[in-house]
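Colleague: I should like a close look at a single part of this model, namely one strand and its pairing partners. Please then follow the chain of contacts outwards from there, and give the cut-off behind each term.

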Amino acid sequence: MSRPLIGVSGSIIRDNGGAYVDLRRAYVNDNYLKSVERSGGIPVILPFTENDEVVCELMEHVDGLILSGGHDVSPLAYGEEPLQGLGDIWPERDHFDMMLLKEAERRNLPVFAICRGMQVLNVYRGGSLYQDLKYAKVQMKHSQGQTPGLATHTIEIEADSRLAEILGVTTCVVNSHHHQTVHREGKNLRITARAKDGTIEALEDPSRSWFIACQYHPEMMAFKDKRAQALFDSFVAAAKKG
C-alpha cells in the first residue's frame with residue numbers, strides 16, 4: 001500500500017507588519033508535518049474554510065486526522081459565558097475542526113487530537129473545559145513559556161490504556177503549553193492520563209480502533225524523544241492499515 005495521507009487541521013496567521021501587512025496565510029507548525037513524515041506518512045495541511053462541503057470533500061482524501069493546536073475554544077460551545085481568564089477565541093475554527101471530526105468519525109478514521117485539538121474533541125463530544133487553569137485551582141505550571149520540546153512535568157498513565165501500550169510506560173515527563181484543560185469529559189471518552197495535580201492529560205475512545213487525544217505536544221518533542229515519535233508511528237500505521 002502507498003503511504004497514508006494524514007490530514008492536519010490548518011489555521012490562519014496574519015502578517016502584522018512589513019510589505020505584506022494584513023496578508024492572511026494558511027499554515028500549521030512544521031513539527032506536526034515532520035513527525036508524520038518520520039513515521040512514513042504523507043502530511044497534508046487541511047486549510048481552514050467556512051465551506052462545509054469543502055471540508056467533507058477534503059476528508060474523502062485522507063486516511064487519518066490530526067487536530068492541531070491554536071486558539072481557545074469558545075465557551076458558548078459548551079454552554080458557558082466567557083470568564084476573565086479566557087484567551088482569544090475563533091468560533092469559526094471551532095466549527096471547522098468539529099466538522100473535520102464529524103467526517104473522520106463517519107469514515108472511522110484514526111484521530112490524533114493535540115492540545116486545542118483535545119479540547120475541541122471533548123467539547124464536540126458534549127464535555128466542558130476549564131476556561132483557565134486558575135478555575136481548576138491547580139498550582140503546577142502548565143504553560144512553560146520556554147523551549148517547546150523541553151519536558152517539564154510528569155504524567156501518570158492508566159496501565160490498560162492504548163497510550164500506555166504505545167509508550168511502554170505508565171509514567172513519563174512531557175512538555176506543556178496550555179492554560180485551558182478538560183473539566184467534564186465528553187461522551188464515550190475515557191481519561192487515560194493525568195498530571196500529578198489532577199489535570200487531564202489524555203483521552204481515548206476505546207470503542208474506536210485509534211482515537212487518542214493528548215493535552216501536551218508530542219509533535220514538539222518527537223524529533224528527539226522516542227516515546228513521542230512512537231505515538232506518530234502507531235497513528236500512521238493505523239491510518240495505513242485502514
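Modeller: Strands S8 and S9 run antiparallel and are joined by four bridges. Two strands are said to pair if DSSP finds at least two bridges between them. Helices and strands are themselves DSSP runs, helices being H or I with at least four residues and strands E with at least two, numbered from the N terminus. This is a predicted model, in which local features need pLDDT of at least 70 and side-chain atom pairs count only at pLDDT 80 or more, while totals for chains, interfaces and linings use all residues. Residues are numbered from 1 along each chain as its sequence is written, and side-chain values use heavy atoms, with hydrogens and water left out.

Within S8, Glu156 has Thr171 as its bridge partner in S9. Glu156 also stands opposite Arg194 in S11. Glu156 belongs, with Thr154, to the uncovered face of S8, whereas His153, Ile155 and Ile157 make up the covered face. From that covered face, Ile155 stands opposite Ala195 in S11. The pairing of S8 (residues 153-157) with S11 (residues 190-195) is antiparallel and extends over three bridges.

S11 in turn pairs with S12 (residues 200-204), again in the antiparallel sense, over four bridges. Ala193 of S11 stands opposite Ala202 of S12. These two strands form a hairpin with four residues between them, and Gly198 in the turn has a positive phi of about 95°.

The strands named so far belong to an open sheet of nine strands with mixed pairing, in the order S4-S1-S5-S6-S13-S12-S11-S8-S9. Its edge strands are S4 (42-46) and S9 (171-174), each of which pairs on one side only. On average, and with direction ignored, neighbouring strands of this sheet are turned by 20° against each other. Helix H3 packs on the sheet, touching S1 (5-9), S4, S5 (64-67), S6 (111-114) and S13 (211-214), and the direction of H3 makes about 155° with that of S5. Contact means heavy atoms within 4.5 Å. Axes are lines fitted to C-alpha atoms, for helices over the stretch in contact, and angles run from 0 to 180 degrees between N-to-C directions.

H3 also connects to two further helices. H2 (residues 52-59) packs against H3 (residues 91-106) at an angle of about 40°, with their axes 9 Å apart. The two are therefore oblique to each other, given that angles under 35 degrees count as roughly parallel, over 145 as roughly antiparallel, 65 to 115 as roughly perpendicular and the rest as oblique. The residues of H2 in this contact are Asp52, Val55, Cys56 and Met59, and they meet His95, Phe96, Met99, Leu100, Glu103 and Ala104 in H3. By class, the residues of the H2 contact with H3 divide into seven nonpolar, one polar and two charged. Here Ala, Val, Leu, Ile, Met, Phe, Trp, Tyr, Cys and Pro count as nonpolar, Asp, Glu, Lys and Arg as charged, and the others, Gly among them, as polar.

The axes of H3 and H4 (116-124) come within 10 Å and cross at roughly 70°, which makes H3 roughly perpendicular to H4. In this contact, Arg93, Asp94, Asp97, Met98, Leu101, Lys102 and Glu105 of H3 meet Arg116, Val120, Leu121, Val123 and Tyr124 of H4. The contact of H3 with H4 comprises six nonpolar, no polar and six charged residues.

Cys115 lies in the loop between S6 and H4. Although Cys115 is not a glycine, it has a positive phi of about 55°. Cys115 counts as buried because its relative accessibility is 8%; buried means under 20% relative accessible area, exposed over 50% and partly exposed in between, with a 1.4 Å probe and protein chains only.

Another residue of interest is Thr181, found in strand S10 (residues 181-182). Thr181 has 2% relative accessibility and therefore counts as buried. With neighbours within four places in sequence left aside, Thr181 is in contact with Gln119, Leu129, Tyr130, Leu133, Thr199, Ile200 and Gln215.
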